[in-house]
Amino acid sequence: MNCQSSILVISFKYNEILYSLSTDEFKNAKVKKLLILYTENNNPENYPLQDRFDEVKYIKYHNLVKDQYHNIIELLRIREFLKADIVMTCNPILLAVKFIARLSHAKTAVWLEDGLMNYYPIKDIVMSSPQNLKRVIERLIGATDINKRKDIKLISYVLSPENAVSVWGKVKKIVFKPSEVKDLPIDKLSFLQGKKIFIGQDMSASISQEEYIELVNRVVEKYDIDYYLEHLFTGDVSGVKCKTISLNNYGITMEFI
């Protein structure tokens with residue numbers, strides 16, 4: 001296998017797939033592999049543009065730190081599939097992603113745009129999981145932080161390089177071409193044109209679900225919001241007092257609207 005002839009895209013949400021298409025590394029790769037880490041809140045069939053890859057595999061992802069052994073066992077089961085010259089991810093702090101990077105034996109790791117994580121220092125982001133336990137597990141399985149590995153080249157692709165705070169290695173700008181998203185059902189969302197949208201967030205680490213719904217409704221009322229855009233990990237939002245919409249039904253992310 002020639003150097004950098006294979007690429008593995010690790011998709012936790014949809015962004016990883018969508019953003020990877022515009023990278024030079026993806027376009028030049030001879031073999032393109034996709035690993036989808038889906039949760040019980042999502043269906044792997046909803047992930048977009050899977051036909052752009054030569055091989056696709058799915059793993060049901062367990063989010064709690066104490067349940068990480070499920071992820072580890074499943075990843076070890078497909079370790080041959082994970083081998084690639086390049087790995088791409090939007091979320092480099094996930095224990096599973098660090099373990100995949102190790103199993104892949106990749107020589108290059110690409111960090112794709114991940115919103116908050118790129119424009120706010122990672123060290124200041126409050127995590128809800130018990131970090132001490134996570135670190136113990138990481139040491140046991142040898143899942144070193146990707147940016148601390150000396151054997152791997154680092155690259156970051158972000159939408160706004162001039163504003164990014166958290167990046168790896170060489171920084172490149174994500175530039176989309178119409179041909180890269182022509183198969184996405186963007187036209188089906190034309191009813192959102194000119195509407196006010198509240199983009200849902202996962203606030204479970206900061207406030208209760210009830211407090212979150214109350215805050216959303218205050219904003220909805222004050223600014224006459226038309227649609228609440230559901231977040232994959234927010235939970236039950238039936239108490240939101242406006243129309244709700246889930247982009248999971250369209251296999252697309254807010255950035256592509």
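**Exercise 1. Strand β6 and its partners**

In this predicted model, determine which residue of β7 is the bridge partner of valine 158, and then describe how β6 is paired and covered.

Solution. Begin at valine 158, whose bridge partner in β7 is lysine 173. This contact belongs to a wider pairing, in which β6 and strand β7 (residues 170–173) run in the parallel sense over four bridges. Next, turn to strand β5 (residues 108–112), which pairs with β6 over five bridges, again in the parallel sense; here leucine 112 stands opposite tyrosine 157 of β6. Finally, consider the covering of β6, which spans residues 153–158 and has five of its six residues buried.

**Exercise 2. The nonpolar cores**

Identify which residues touch the most other members of the largest nonpolar core, and establish which element supplies the largest share of this core.

Solution. The largest nonpolar core holds 35 residues, and those touching the most other members are Leu8, Leu35, Leu37, Leu75, Leu82, Ile100 and Ile146. To see where the core comes from, list the elements that each supply at least two residues, namely β1 (6–11), β2 (31–38), α3 (68–77), α4 (79–82), α5 (95–104), β5 and α7 (131–141). Of these, α5 gives the largest share, with seven residues. The surroundings of leucine 37 can then be examined: setting aside residues up to four places away in sequence, leucine 37 touches Ile10, Ser11, Phe12, Tyr47, Ile59, Tyr61 and Ile100. A second core, separate from the one just described, has 32 residues, including Leu21, Leu34, Ile174 and Leu247. As general background, nonpolar side chains in soluble globular proteins tend to be buried together.

**Exercise 3. The three-stranded sheet**

Work out the order of the strands in the open sheet that contains β9, and explain why β8 and β10 each have one side without a neighbour in the sheet.

Solution. The three strands of this open sheet follow the order β8-β9-β10, with parallel pairing. Because β8 (197–199) and β10 (243–245) stand at the edges, each has a single partner strand, and one side of each is therefore left without a neighbour in the sheet. Neighbouring strands are turned against each other by 25° on average, direction ignored. For the detail of one pairing, note that β8 is joined to strand β9 (residues 227–229) by three bridges, and that phenylalanine 198 has tyrosine 228 of β9 as its bridge partner.

**Exercise 4. Salt bridges and accessibility**

State how many salt bridges the structure holds, and decide whether lysine 13 and aspartate 114 are buried, partly exposed or exposed.

Solution. The structure holds eight salt bridges. In one of these, the side chains of lysine 13 and aspartate 114 meet at 3.2 Å, N to O. This pair links distant parts of the chain, for lysine 13 lies in the loop between β1 and α1 (15–20), whereas aspartate 114 lies in the loop between β5 and α6 (116–119), 101 residues apart. For the classification, recall that buried means under 20% relative accessible area and exposed over 50%, with partly exposed in between. Lysine 13, at 30%, is therefore partly exposed, while aspartate 114, at 11%, is buried.

The reasoning can be repeated for lysine 148 and aspartate 145, whose side chains meet in a salt bridge at 3.5 Å, N to O: lysine 148, at 57%, counts as exposed, and aspartate 145, at 12%, counts as buried. In the salt bridge between arginine 149 and aspartate 151 (3.1 Å, N to O), arginine 149 is buried at 15%, and aspartate 151 is partly exposed at 45%. Elsewhere, salt bridges that share partners join Asp24, Glu25 and Lys172 into one network.

Technical notes
Residues are numbered from 1 along each chain as its sequence is written. This is a predicted model: local features need pLDDT of at least 70, side-chain atom pairs count only at pLDDT 80 or more; totals for chains, interfaces and linings use all residues. Side-chain values use heavy atoms; hydrogens and water are left out. Buried means under 20% relative accessible area, exposed over 50%, partly exposed in between (1.4 Å probe, protein chains only). Two strands pair if DSSP finds at least two bridges between them. A nonpolar core is a set of buried Ala, Val, Leu, Ile, Met, Phe, Trp, Tyr and Cys residues joined through side-chain atoms within 4.5 Å. Contact means heavy atoms within 4.5 Å. Axes are lines fitted to C-alpha atoms, for helices over the stretch in contact, and angles run from 0 to 180 degrees between N-to-C directions. A salt bridge is a side-chain nitrogen of Lys or Arg within 4 Å of a carboxyl oxygen of Asp or Glu.
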